[in-house]
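Me: I'm new to reading protein structures. Could you walk me through one, feature by feature?

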Amino acid sequence: MNSLPKNVSADLWTGRTDHTERRSSFRYHQIVEITDLDTLQAAKDRTVAIIGFECEEGVRRNQGRLGAAKAPNAIRQALASLPWKVEEGKRIVDVGNVACPNEELEIAQEELGNAVAAIFSKAMKPIILGGGHETLYGHYVGVRKHIGKEASLGIINIDAHFDLRSYEVQPSSGTMFRQILEHDKNSSYYVLGIQRFGNTQELFDKADELGVCYVYEEEMTDARMDEITLSVSEFIEKHDHVMLTLCTDVLNAAFAPGVSAPSPFGLTPMVVRTLIRIVAAHKKTLSFDICEVNPLLDENGRTIKLGAYLTNEAIMGLLENN
């Protein structure tokens, strides 16, 4: 089975129009190009490509609250009216959504990986809109196909949870990083925002065993951000390539109520934005995914809007880095 992403409706990319010709007045919906992955031409300009992963099977297996499969299109709608603050000659395309029918998570992840690798082959940088955090594994598959088996890969995760659970019975949204680290000797993992009481001691022990770098949520204060960003930069420099993933349950529930596992002691949007800006703008960073936004549990679209704004930060960074 090797199906292509399904195109999204142009109706998702609509919004306020201040001017039809003056580019300085444009918003996302006036810039984005909806296209088929199989007819996508190699980019001559710096380009990011949006792809959605309409999947929550990993969340279901992990006994989480369902609804994240609705997020890709909801985030698109929230992005549509944001101002496009990028100079001419840089583009954004939308190649549609990969779905996960019949609870076939592993197949869907492989299809997402193939789509991500295809985006790279066209000299574009992928922006993946999840979906549950199982999105990350498909994202990783595509990155590894692109860079080859021998290149060193740094995976940076902004998350309250390690996602290092056992996958002996089946993979889920809580197993991906263990799957990667136990099978890929050239990958390393750095997670920012870990909750002391959001992970069992067994998971902390497994993180230490696998050599995971992590920073506790309570350590991520404004006073320590310079120290933390230096540590992140040092991690990046140790690797040939870097990929970035955001699990929105890392955010304080006051700002992001619409997630599978809300965090009462989560991070502020400003801290998360700072981390995304630093990592996405680095020349070694290849791609970004956002996961666990849950429109069915959101209040007045707050989490969706915040997710769109954070995705915008990643898009701007990836378009600027060299």
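Reply: Sure, let's take the sheet, the cysteines, the salt bridges and a helix pair in turn. Keep in mind that this is a predicted model.

Me: Okay, the sheet. In what order do the strands line up?

Reply: Here's the general idea: strands of a sheet pair through backbone hydrogen bonds, either parallel or antiparallel. In this model, 9 strands form an open sheet, and the order is 1-3-2-4-9-8-5-6-7, with parallel pairing. Strand 1 (33–34) and strand 7 (213–216) are at the edges with a single partner strand each, so one side of each has no neighbour in the sheet.

Me: Can you show me one pair up close? Which residue stands opposite Ile155?

Reply: Look at strand 5 (residues 153–158) and strand 8 (residues 241–247), which pair in the parallel sense over 6 bridges. Ile155 has Met243 of strand 8 opposite it. While you're there, find helix 4 (residues 105–121), which packs on the sheet and touches strand 2 (46–54), strand 3 (90–99), strand 4 (125–130) and strand 9 (285–291). The direction of helix 4 makes about 170° with that of strand 2.

Me: Next, cysteines. How many disulfides are there?

Reply: To call one, you check whether two cysteine sulfur atoms are within 2.5 Å. Searching the whole structure gives 0 disulfides. Take Cys55: the closest cysteine sulfur, in Cys100, is 3.7 Å away, which is too far for a bond.

Me: And are those two cysteines buried or exposed?

Reply: Cys55 is buried, at a relative accessible area of 1%. Cys100 counts as buried too, at 15% relative accessibility. The cut-off you need here is that buried means under 20%.

Me: Now salt bridges. How many does the count come to?

Reply: The idea is simple: side chains of opposite charge can pair when their charged atoms come close. The count here comes to 22 salt bridges. A good one to start with is Arg61 with Glu57, at 2.9 Å from N to O. These two are 4 residues apart in helix 2 (residues 57–61), so about one helical turn separates them. Both Arg61 and Glu57 are buried.

Me: What about a pair where the two partners don't sit in the same kind of surroundings?

Reply: Try Glu87 and Lys90, whose closest N and O atoms are 3.0 Å apart in their salt bridge. Glu87 is partly exposed, at 44% relative accessible area, whereas Lys90 is buried at 11%.

Me: Which helices hold Lys145 and Glu110?

Reply: First, the pair itself: the side chains of Lys145 and Glu110 form a salt bridge at 2.8 Å, N to O. Lys145 is in helix 5 (residues 135–147) and Glu110 is in helix 4, so this pair ties together parts that are 35 residues apart in sequence. Both are partly exposed, Lys145 at 43% and Glu110 at 36%. You can also follow shared partners: salt bridges join Glu57, Arg60, Arg61, Glu103 and Glu106 into one network.

Me: Last one, the helix pair. At what angle do helix 3 and helix 10 cross?

Reply: In general, two packed helices are described by the angle between their axes and the distance between the axes. The axes of helix 3 (residues 71–80) and helix 10 (residues 302–320) cross at roughly 70° and come within 8 Å. Helix 3 and helix 10 are therefore roughly perpendicular to each other. On the helix 3 side, Ala74, Ile75, Ala78 and Leu79 make the contact, and on the helix 10 side it's Ile304, Lys305, Ala308, Thr311 and Asn312.

Notes:
Residues numbered from 1 in each chain as written. Predicted model: local features only at pLDDT ≥ 70, side-chain atom pairs only at ≥ 80, totals over all residues. Heavy atoms only, no water. Pairing = 2+ DSSP bridges. Contact = heavy atoms within 4.5 Å. Axes fitted to C-alpha atoms, helices over the stretch in contact; angles between N-to-C directions. Buried < 20%, exposed > 50% of the residue type's maximum accessible area, 1.4 Å probe, protein only. Salt bridge = Lys/Arg side-chain N within 4 Å of Asp/Glu carboxyl O. Parallel < 35°, antiparallel > 145°, perpendicular 65-115°, else oblique.
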